[in-house]
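Biologist: I am new to this structure. Please take one residue as a way in, look at it closely, and then lead me on through the rest.

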Amino acid sequence: MQEDKKAQWEQLACEVLSGMKEWQSQHPQATFAEIEEAIEEQVAKMRARMLEDVVRWREVEAREGEQQMRCNACGGVLQERGRQVRHLTTQGNQQIELERSYGYCATCRVGFFPSG
């Protein structure tokens, strides 16, 4: 992982820890279940951000390598149909928005967001 990527995730982890410290000071009598819920909420936010980062970094690396998008089914070269926003929900029920390249396979007659 490049140093800037590492620094971004270290900052994110610090934000999670800081958020939990603040939450704990505001909820000194919290039950075990409430603490667990607060931790899960913070971790879910971190998970969503990390997912967005990894996808974005992969896209940048793919563009730098000038790889052509290929169909997952037949392996044919996809026709680029621009970039589109894809909305996803993570395991922690966090909403993420990814701007991804969208391609169309004329052979399979299907359009999709290639893996990457």
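Modeller: Let us start with Lys-5, which sits in helix 1. Keep in mind that this is a predicted model. Lys-5 has a relative accessible area of 10%. The cut-off for buried is under 20%, so Lys-5 counts as buried. What does Lys-5 touch, leaving aside residues up to four places away in sequence? Its contacts are Trp-57 and Glu-61.

Now widen the view to helix 1 itself. Helix 1 covers residues 3–26. Lys-5 is one of its buried residues. The others are Trp-9, Leu-12, Val-16, Met-20 and Trp-23. The length of helix 1 can be checked too. With 24 residues at 1.5 Å a residue, helix 1 should span 34 Å. The C-alpha atoms at its ends are 35 Å apart, so the model agrees with the expected span. Confidence in the protein is highest in helix 1, at a mean of 91.

Next comes helix 2, which holds residues 32–64. Take Gln-42, which lies in that helix. Is Gln-42 buried or exposed? Its relative accessibility is 15%, so Gln-42 counts as buried. Beyond residues up to four places away in sequence, Gln-42 touches Glu-15, Val-16, Gly-19 and Met-20. Two of these names have come up before: Val-16 and Met-20 are among the buried residues of helix 1.

Leave the helices and turn to the strands. How many strands form the open sheet? There are 3, in the order 1-2-3, with antiparallel pairing. Strand 1 (79–89) and strand 3 (110–112) stand at the edges. Each has a single partner strand, so one side of each has no neighbour in the sheet. From one strand to the next, the twist averages 30 degrees. Strand 2 spans residues 95–105 and is joined to strand 3 by 3 bridges. These two strands run antiparallel. Gly-103 stands opposite Phe-112 of strand 3.

Two residues give a closer look at the sheet. Val-85 belongs to strand 1. Its relative accessibility is 43%, so Val-85 counts as partly exposed. Val-85 touches Glu-97, Leu-98, Glu-99 and Phe-113, with residues up to four places away in sequence left out. Arg-47 is 38 residues from Val-85 along the chain, and their C-alpha atoms are separated by 19 Å.

Tyr-102 belongs to strand 2. With residues up to four places away in sequence again left out, its contacts include Gln-79, Glu-80, Arg-81, Gly-82 and Gln-84. Tyr-102 also touches Met-69, Gly-111, Phe-112 and Phe-113. Its C-alpha atom is separated by 11 Å from that of Cys-71, 31 residues away along the chain.

Which residues make up the largest nonpolar core? They are Met-69, Cys-71, Leu-78, Cys-105 and Phe-112, 5 residues in all. In soluble globular proteins, nonpolar side chains tend to be buried together. Cys-105 touches Cys-71, Cys-74, Leu-78 and Val-110, not counting residues up to four places away in sequence.

Last, a word on confidence. The mean pLDDT of the protein is 85. Of its residues, 91% reach 70 or more. Confidence is lowest in strand 3, at a mean of 84. Where pLDDT is low, the predicted coordinates should not be read in detail.

Terms used: Residues are numbered from 1 along each chain as its sequence is written. This is a predicted model: local features need pLDDT of at least 70, side-chain atom pairs count only at pLDDT 80 or more; totals for chains, interfaces and linings use all residues. Side-chain values use heavy atoms; hydrogens and water are left out. Helices (H or I, at least four residues) and strands (E, at least two) are DSSP runs, numbered from the N terminus. Buried means under 20% relative accessible area, exposed over 50%, partly exposed in between (1.4 Å probe, protein chains only). Contact means heavy atoms within 4.5 Å. Two strands pair if DSSP finds at least two bridges between them. Axes are lines fitted to C-alpha atoms, for helices over the stretch in contact, and angles run from 0 to 180 degrees between N-to-C directions. pLDDT is the predictor's confidence in each residue, from 0 to 100. The expected span of a helix is 1.5 Å times one less than its number of residues. A nonpolar core is a set of buried Ala, Val, Leu, Ile, Met, Phe, Trp, Tyr and Cys residues joined through side-chain atoms within 4.5 Å.
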